[in-house]
Amino acid sequence: MKIWRGLRTRIVLGSILCGLLGLGVSWAMIRRTARDAIQSGFAPYVHRTLDQGELDRCQRDPAHWTMRIGRGARLDAYDESKLDSENDDSPPLDQDLYQRLLNGEPSPIKFLRLGGEEATTMLVRAADTGACALVQVTWPPHTSGRRRFFYFMLTGSLVVIAAAAALGVFAVVKPLTGRIDKLRRAAGAVGSPEGYVSASDPASDELGDLSSSLDRAHARIRADADRLEERQRTLERYLADVAHDLKTPIASLQIALERATKQSDSRDMSDLLKGSLNDVIYLNALTTNLRLACQLREGWNPAEGNPGVDLGETVDRVVARARYFAQNRGIALEAARPDVPVFASCHPTAVEQAITNLVENAIAYGDQGGHVAVILEGDKTSFTLVVADDGPGVPPAEMPRLGERTFRTDEARQRDPSGSGLGLAITSEICKRCGWKLSFEPHEPRGLRVSIAGGTVPAPPSEPARRS
């Protein structure tokens, strides 16, 4: 989780910086405390030591005077007029401390440096003049002990830093990011019929309020979605019932128009009847497709139960029904199929309408004097059904969208503005649910070639295969 990684890194870096700052401040306070302690405690002790006779001994023999007090502190005497010691073994006078003494600082101290070899020194005034006017106190460096102290402080600081970082990460950041992650997953599934898991954050803060808001939003969305789905199911059932009720009168009207067209002696009346017949054929296909669309929308699977249908007989029925439609439009309709049955697993009504949609589309959008061919090939394992025409075809850019609901090419809109684009979508959905492959490709040199490919099934026992 990105927020977890970001906060974790920031807390660790912040803890390190705070720890290093605390280490520096602690070291500075220790130095200051030590300096103040030496100035307030050790300087008077040096003066008392000198007043108890050491200053007299120094003045009597400055060339050999030196002494040690406390924990190894060494005292050396210096002549202020020479700024040097009569004792050759004495270290040089610290000029910086002498200048600070002249500036009025009592008992100036130069404190030890961290990790260095330089000793702590202090300068006190023992007399106004003479070889012992100034006394410089020098403490041994004690480098190893000082470094041990520094390493101890550094190790302790690192331990404190690590503990603070761990406490911040696991006691603050991890619970916070865990709550945020639950809210993120819940927000991503709001409104989903499945998969929504409430964050269930009981805390009385902003994140807890957000969790409650997500729960309420999900409940409202699901309630609205259920109402809309119920309305849609009601409408689809109504459309399916209407389409079913319209099929019989439309079919009767189609038969009547076909008879009237054949018996008409007037050319004008014949053309009028042909146009009416074409409209009835369109209405018949539309009502069938609407009914199938409603059934598919409700989850009907045309391949459920492995129903067997003879594709050859289905092609014969489709071609026989569409032949008069083709004659009216001046298009030659031909079909070819194997002599033996080719069985596939699909509901008979669904597969017949799927093929009808392809054939009637090829006829409806073909040119007068054109041709439409329906070719079925099959064996014991697979079949291929091809509907090819020599009409205007489909532009390559629009070819991938064929089969989408309500999509129609520009050429189709110009030729027949009343079309709905539902037929190819129904055919595509039926092929998909039956496990078949529907493909579109140009039919050279002109036209469109639509093919359905799928697997075959054995003939049902009640319908034995015919001999060739």
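**Exercise 1. The aromatic pair**

Does F383 count as buried or exposed, and at what relative accessibility? Determine also which ring F383 meets and which parts of the chain are thereby joined.

*Solution.* The model is predicted.

Step 1. The relative accessibility of F383 is 3%. Residues under 20% are classed as buried, so F383 counts as buried.

Step 2. A search of the whole structure returns one aromatic pair. F383 and W436 form this pair, with 5.2 Å from centre to centre and 85 degrees between the planes. Planes over 60 degrees apart are edge-to-face, and the pair of F383 and W436 is described accordingly.

Step 3. W436 has a relative accessibility of 10% and therefore also counts as buried.

Step 4. F383 belongs to strand β10, whereas W436 sits in the loop between α9 and β11; the pair therefore ties together parts that are 53 residues apart in sequence.

**Exercise 2. The sheet and the helices packed on it**

State the order of the strands in the five-stranded open sheet, and identify its edge strands.

*Solution.*

Step 1. The order of the five strands is β7-β9-β10-β12-β11, and their pairing is mixed.

Step 2. β7 (332-336) and β11 (437-442) each pair on one side only, and these are the edge strands. On average, neighbouring strands of the sheet are turned by 10 degrees against each other, direction ignored.

Step 3. At the β11 edge, β11 and β12 (residues 448-455) run antiparallel and are joined by six bridges. L438 has I452 of β12 as its bridge partner.

Step 4. Helix α9 (residues 422-434) packs on the sheet and touches β11 and β12. The direction of α9 makes about 135 degrees with that of β11.

Step 5. Helix α7 (residues 348-364) lies across β7, β9 (371-378), β10 (382-389) and β12. Relative to β10, helix α7 runs at about 20 degrees.

**Exercise 3. Helix α9**

Which residues of α9 are buried? Compare the span of the helix with the value expected from its length.

*Solution.*

Step 1. The buried residues are L422, G423, L424, A425, I426, T427, I430, C431 and C434.

Step 2. At 1.5 Å a residue, the 13 residues of α9 should span 18 Å. The C-alpha atoms at the ends of α9 are 18 Å apart, which agrees with that expectation.

Step 3. Within α9, R433 and E429 are four residues apart, about one turn of the helix. Their side chains meet in a salt bridge, at 2.7 Å from N to O.

Step 4. R433 has a relative accessible area of 28% and is partly exposed. E429 is likewise counted as partly exposed, at 25% relative accessibility.

Step 5. Just after the helix, G435 takes a positive phi of about 80 degrees.

**Exercise 4. Salt bridges elsewhere**

How many salt bridges does a search of the whole structure find? Describe the setting of the bridges made by D224 and D76.

*Solution.*

Step 1. The search finds 15 salt bridges. As a general principle, side chains of opposite charge can pair when their charged atoms come close.

Step 2. D224 meets R227 in a salt bridge, with 2.0 Å from N to O. These two residues are three residues apart in helix α4 (residues 206-263), so about one helical turn separates them. R227, at 45% relative accessibility, counts as partly exposed; D224, at 37%, is also partly exposed.

Step 3. D76 meets R74 in a salt bridge, with 3.0 Å from N to O. D76 has 0% relative accessibility and therefore counts as buried.

Step 4. D96, R100 and E105 are linked in a network of salt bridges.

**Exercise 5. The surroundings of H371**

Where does H371 lie, and which residues does H371 touch beyond four places away in sequence?

*Solution.*

Step 1. H371 lies in strand β9. Its relative accessibility is 47%, so H371 counts as partly exposed.

Step 2. Leaving aside residues up to four places away in sequence, H371 touches I331, A332, A388, D389 and D390.

Step 3. G391 is 20 residues from H371 along the chain, and the C-alpha atoms of the two are separated by 7.9 Å.

Definitions and conventions. Residues are numbered from 1 along each chain as its sequence is written. This is a predicted model: local features need pLDDT of at least 70, side-chain atom pairs count only at pLDDT 80 or more; totals for chains, interfaces and linings use all residues. Side-chain values use heavy atoms; hydrogens and water are left out. Two strands pair if DSSP finds at least two bridges between them. Axes are lines fitted to C-alpha atoms, for helices over the stretch in contact, and angles run from 0 to 180 degrees between N-to-C directions. Contact means heavy atoms within 4.5 Å. Buried means under 20% relative accessible area, exposed over 50%, partly exposed in between (1.4 Å probe, protein chains only). A salt bridge is a side-chain nitrogen of Lys or Arg within 4 Å of a carboxyl oxygen of Asp or Glu. Rings of Phe, Tyr and Trp (its six-membered ring) pair if their centres lie within 6.5 Å; planes under 30 degrees apart count as stacked, over 60 as edge-to-face and the rest as tilted. The expected span of a helix is 1.5 Å times one less than its number of residues.
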